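Thanks for coming. I have one model to go through today, and I will keep to the fold and the packing.

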Amino acid sequence: MGCHVNGETYIVPINYIYNNDSIYAHSGNGKKIEMMRQNPKVCFQVDEITDTFSWQSVILWGTFEELNGVDRQQAMQGIIYRIMPLANKHSEESSHGIDIEQHNDLIVYRIRITEVTGRFESHED
């Protein structure tokens, strides 16, 4: 995901889920959140690469919104559901800051998609 404020562009990988034409994610306080609060317009890219001649790439633009209440809870449940199978042991805290028992200090947010473009290449034998 990329954000931009005052002439500085910041690009970082994030864990996310896609639902209802939006991207949902979480973060602790930091540079990314500070920048998105100042300028909520963001860019997001997802690639799937099988090999040099078989790949897909999607770029989208959208608007950052912090979530609260039921929306925050539902998004957090979806994120945890998606990330937990990737953890080696369910008792370990993930490397991206999800502590299942205490995630109240995390910022949960949505990127409302406003524009999408994509490309792909596919060669079958």
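Which residues in H1 are buried? Before the answer, a reminder that this is a predicted model. The buried residues in H1 are Lys32, Ile33, Met35 and Met36. They span an arc of only 165 degrees around the axis, so they sit on the same side of H1. That agrees with the general rule: an α-helix has 3.6 residues a turn, so residues three or four places apart point the same way.

Next, what covers that side. The cover over the buried residues of H1 includes S1, S2, S4, S5, S6 and S7. H1 itself, residues 31-38, lies across those strands and runs at about 60 degrees to S1. Helix H2, residues 69-83, also packs on the sheet, where it touches S3, S4 and S7. The direction of H2 makes about 85 degrees with that of S4.

Now the sheet. It is open, has seven strands and pairs them antiparallel, in the order S2-S1-S5-S6-S7-S4-S3. S2, residues 8-11, and S3 are at the edges with a single partner strand each, so one side of each has no neighbour in the sheet. On average, neighbouring strands are turned by 30 degrees against each other, direction ignored.

Two of the pairings in more detail. S1, residues 2-5, pairs with S5, residues 41-51, in the antiparallel sense over two bridges, and Gly2 stands opposite Cys43 in S5. At the S3 edge, residues 16-19 of S3 pair with residues 22-27 of S4, antiparallel, over four bridges. Ile17 is opposite Tyr24 there. S3 and S4 make a hairpin with two residues between them, and Asn20 in the turn has a positive phi of about 50 degrees.

Last, the cores. How many residues are in the largest nonpolar core? There are 17, and those touching the most other members are Met1, Ile14, Met36 and Tyr109. At least two residues of this core come from each of S1, S4, H1, S5, S6 and S7. Met36 is thus named twice in this talk: it is one of the buried residues of H1 and a member of this core.

Leaving aside residues up to four places away in sequence, Ile14 touches Met1, Ala25, Lys32, Phe44 and Tyr109. Lys32 is another of the buried residues in H1. Another core, of 11 residues, lies apart from the largest one and has Leu67, Met76, Ile80 and Leu106 among its members.

Key
Residues numbered from 1 in each chain as written. Predicted model: local features only at pLDDT ≥ 70, side-chain atom pairs only at ≥ 80, totals over all residues. Heavy atoms only, no water. Pairing = 2+ DSSP bridges. Axes fitted to C-alpha atoms, helices over the stretch in contact; angles between N-to-C directions. Contact = heavy atoms within 4.5 Å. Core = buried A, V, L, I, M, F, W, Y, C linked by side-chain atoms within 4.5 Å. Buried < 20%, exposed > 50% of the residue type's maximum accessible area, 1.4 Å probe, protein only. Arc of directions from axis to C-beta.
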